[in-house]
Amino acid sequence: MGVGRVQGEKHMRLFYIGQVEEVYLNKPAKYGIKIVLCCDTTTYYMVDGTPYLSKKTPTEGQAAADYFVKTVTKSIHGSNRSVTTDNWFTNIPLADELLKPPYNLTTVGTIRLNSKGVPKDLGNKKERPVGSSMFLFDKEKTLVSYKPKANKVVVLQSTMHSGMNLNPDTKKPEIIHTYNSTKGAVDTLDKMCGDMSCSRKTRRWPLCVFYGIMNIAFVNSYVIYCMNNIRLGNKPMNRKSFMKELCQQLTEPHMRTHLQTPNLRRNTRMQICEILGIPMTPEMPQDQGHEDRASTAQQLYDT
């Protein structure tokens with residue numbers, strides 16, 4: 001099976017102030033709205049996403065993990081790509097189903113020891129030396145149990161790999177190296193959104209979701225901009241300069257329309273002209289509102 005760009009799938013949380021159902025005491029955002037995202041692991045481009053609504057999620061009779069994986073990967077179904085998931089999503093029945101049409105997707109991810117189809121022997125910690133690996137094969141599926149520390153065992157499932165391939169330098173299974181190199185896409189996107197964010201504190205969750213959509217759109221637009229310039233052989237500008245230029249272009253139509261307001265204050269008009277780089281001309285509508293209001297107030301006072 002051919003494998004294209006690997007996709008990563010994980011959660012992202014949008015922070016807002018208000019009543020919420022989800023609380024995460026060990027996460028940077030202690031509470032908020034959970035969004036399940038699918039991102040490209042090379043460029044961190046957000047491919048698709050859907051909100052997690054706890055028990056209210058319309059899973060159509062499927063397990064929640066299966067529903068989310070199939071939903072956020074809908075745009076890449078049939079593309080022979082590989083999907084990297086964490087242990088909340090990974091399970092053996094789903095891996096089997098994704099191999100078949102119309103999905104045609106391979107999977108790599110950590111899997112819980114109590115997951116259906118995982119032998120208990122893979123979780124044996126005491127009788128194995130540190131750095132040892134155990135492999136289990138079933139048709140297209142591969143399970144590997146790796147012991148990195150004395151009291152820790154990591155189990156991964158893959159339909160992308162076959163054979164007991166170990167990295168010659170680290171002696172770790174190649175499945176682990178593939179997972180480690182592709183697992184951080186959503187976390188990186190979340191960090192990029194936090195580094196340059198338009199979000200503000202709010203008690204309205206629809207506004208919080210809108211801020212999140214805008215932040216993701218900023219990252220996606222920068223990815224497209226960089227890819228287009230690299231393809232043409234041009235050097236793209238850095239992200240900070242791109243964000244400034246993007247904000248300028250998004251607000252310029254509104255500022256030009258605002259300049260036509262007859263009673264616009266002079267200092268506001270001067271600021272807009274300075275931002276747009278255009279001189280103030282006598283033909284522009286003048287700010288007569290302040291003088292008219294002052295004259296009317298004086299007349300009322302005299303009477």
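In the predicted model, helix α6 passes helix α7 in a left-handed crossing. The contact draws on Q248, E252, M255, R256, H258 and L259 from α6, and on R269, I272, C273, I275 and L276 from α7. By class, 6 of these residues are nonpolar, 2 are polar and 3 are charged. Helix α6 spans residues 239-259 and helix α7 spans residues 266-276; the two pack at an angle of about 140°, and their axes are 10 Å apart. An angle of about 140° falls short of the limit of over 145 degrees for a roughly antiparallel pair, and α6 and α7 are therefore oblique to each other.

Within this contact, H258 belongs to helix α6. When residues up to four places away in sequence are set aside, H258 touches L264 and I272. Of these two partners, I272 is part of the contribution of α7 to the helix contact. H258 and I272 are 14 residues apart along the chain, and their C-alpha atoms are separated by 8.7 Å. The relative accessible area of H258 is 30%, a value at which the residue is partly exposed.

A second helix pair is formed by α4 (residues 185-195) and α5 (residues 205-231), which pack at an angle of about 105° with their axes 9 Å apart. This angle makes α4 roughly perpendicular to α5. In the contact, L189, M192 and C193 of α4 meet N215, I216 and V219 of α5. The residues involved comprise 5 nonpolar and 1 polar, with no charged residue among them.

The third pair consists of α1 (residues 64-72) and α2 (residues 92-99), with an angle of about 30° between them and their axes 10 Å apart. Angles under 35 degrees count as roughly parallel, and α1 and α2 are therefore roughly parallel to each other. Their crossing is right-handed. On the α1 side the contact is made by A65, D66, V69 and K70, and on the α2 side by L94, E97 and L98. Of these residues, 4 are nonpolar and 3 are charged, and none is polar.

Helix α1 is mostly covered, with 7 of its 9 residues buried. The buried residues of α1 are A65, D66, Y67, F68, V69, K70 and V72. The α1 residues in contact with α2, namely A65, D66, V69 and K70, are listed among these buried positions. Strand β3 also adjoins this helix through T50, a residue of that strand. Beyond residues up to four places away in sequence, T50 touches I35, V36, F68, T71 and V72. Two of these partners, F68 and V72, are buried residues of α1. T50 itself is buried, its relative accessible area being 12%.

Several backbone features occur in loops. Most residues other than glycine have a negative phi, and most peptide bonds are trans. Y44 has a positive phi, near 65°, and is not a glycine. This residue is placed in the loop between β2 (33-40) and β3 (46-51). Y44 has a relative accessibility of 27% and so counts as partly exposed. A positive phi of about 60° is likewise found at E60, which is not a glycine either. E60 is located in the loop between β3 and α1. With a relative accessibility of 67%, E60 counts as exposed. The peptide bond from P101 to P102 is cis, and its omega is near 5°. P102 lies in the loop that runs between α2 and β5 (106-110).

Over the protein chain, the secondary structure comprises 8 helices and 8 strands. The chain has 303 residues, 39% of which count as buried. Among contacts between residues at least 6 apart in sequence, 54% join residues at least 24 apart. The accessible surface amounts to about 18100 Å², and carbon and sulfur atoms account for 54% of this area.

How values were computed. Residues numbered from 1 in each chain as written. Predicted model: local features only at pLDDT ≥ 70, side-chain atom pairs only at ≥ 80, totals over all residues. Heavy atoms only, no water. Axes fitted to C-alpha atoms, helices over the stretch in contact; angles between N-to-C directions. Helix = DSSP H or I, 4+ residues; strand = E, 2+ residues; numbered from the N terminus. Parallel < 35°, antiparallel > 145°, perpendicular 65-115°, else oblique. Left-handed = near helix turned anticlockwise from the far one by under 90°. Contact = heavy atoms within 4.5 Å. Nonpolar A, V, L, I, M, F, W, Y, C, P; charged D, E, K, R; others polar. Buried < 20%, exposed > 50% of the residue type's maximum accessible area, 1.4 Å probe, protein only. Areas by Shrake-Rupley, 256 points an atom, 1.4 Å probe, with all protein chains shown as cover.
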